[in-house]
Amino acid sequence: MAEPKKNALIRIWQILLRHSDYDHPLLQEDILRYLDEEYDIQLERKAVGKNLAYLRDAGIDVSTIPRKGFYIASRDFEDSEWQVFRQELHKYALQTLWTL
């Protein structure tokens with residue numbers, strides 16, 4: 001079932017959070033594809049641009065890499081992500097100690 005177009009703003013934010021980062025920016029065409037595939041929302045490319053501007057106006061850190069795309073520059077880490085980071089840091093520290 002298609003979602004209403006009024007949900008596009010929040011869905012674009014979710015798509016950027018889930019599918020983009022500095023190394024993997026999304027073009028507007030990519031965002032359109034995710035909107036269609038994941039939420040059955042069809043928009044024009046111009047509407048995606050307006051929604052990206054609305055996100056910026058709302059204080060969301062949407063960054064642009066010219067001719068490559070958009071991504072969320074700052075994000076909060078989930079507890080599980082912090083746990084993985086701590087485990088990897090601990091492993092690295094132990095390996096460093098063993099090589100001394």
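Helices are taken here as DSSP runs of H or I with at least four residues, numbered from the N terminus. In the predicted model, N51 lies in helix 3, and the description below proceeds from this helix to helix 2 and then to the nonpolar core.

Helix 3 comprises 13 residues and spans 19 Å between its first and last C-alpha, close to the 18 Å expected at 1.5 Å a residue. Its buried residues are V48, N51, L52 and L55. Viewed down the axis of helix 3, these buried positions fall within an arc of 105°, so they line one face of the helix. On the other side of helix 3, K46 and D57 are exposed. The buried residues of helix 3 pack against helix 1, helix 2, strand 1 (62–65) and strand 2. Helix 3 is followed by G59, which has a positive phi near 95°.

Within helix 3, N51 has a relative accessibility of 10% and therefore counts as buried, the cut-off being under 20%. The N51 side chain reaches the backbone oxygen of A47 at 2.8 Å. When residues up to four places away in sequence are not counted, N51 touches A8, L9, I12 and L43. With the same exclusion, L52 touches I12, L16, Q28, I31, V62 and F70.

Helix 2 (residues 28–39) contains 12 residues, and the distance from its first C-alpha to its last is 16 Å, close to the 16 Å expected at 1.5 Å a residue. Q28, I31, L32, Y34, L35 and Y39 are buried in this helix. Seen along the axis of helix 2, the buried residues occupy an arc of 165°, so they line one face of the helix. These residues pack against helix 1 (8–19), helix 3 (45–57) and strand 2 (69–72). Just after helix 2, D40 adopts a positive phi of about 55°.

In soluble globular proteins, nonpolar side chains tend to be buried together. The largest nonpolar core in the model has 19 residues, of which I12, L16, L35 and L52 touch the most other members. Helix 1, helix 2, helix 3 and strand 2 each supply at least two residues of this core. The greatest contribution comes from helix 2, with five residues. L52, one of the core residues that touch the most other members, has I12 and L16 among its contacts.

How values were computed. Residues numbered from 1 in each chain as written. Predicted model: local features only at pLDDT ≥ 70, side-chain atom pairs only at ≥ 80, totals over all residues. Heavy atoms only, no water. Expected span 1.5 Å × (residues − 1). Buried < 20%, exposed > 50% of the residue type's maximum accessible area, 1.4 Å probe, protein only. Arc of directions from axis to C-beta. Contact = heavy atoms within 4.5 Å. Polar contact = N/O pair within 3.5 Å; in protein donor to acceptor, adjacent residues only side chain to side chain. Core = buried A, V, L, I, M, F, W, Y, C linked by side-chain atoms within 4.5 Å.
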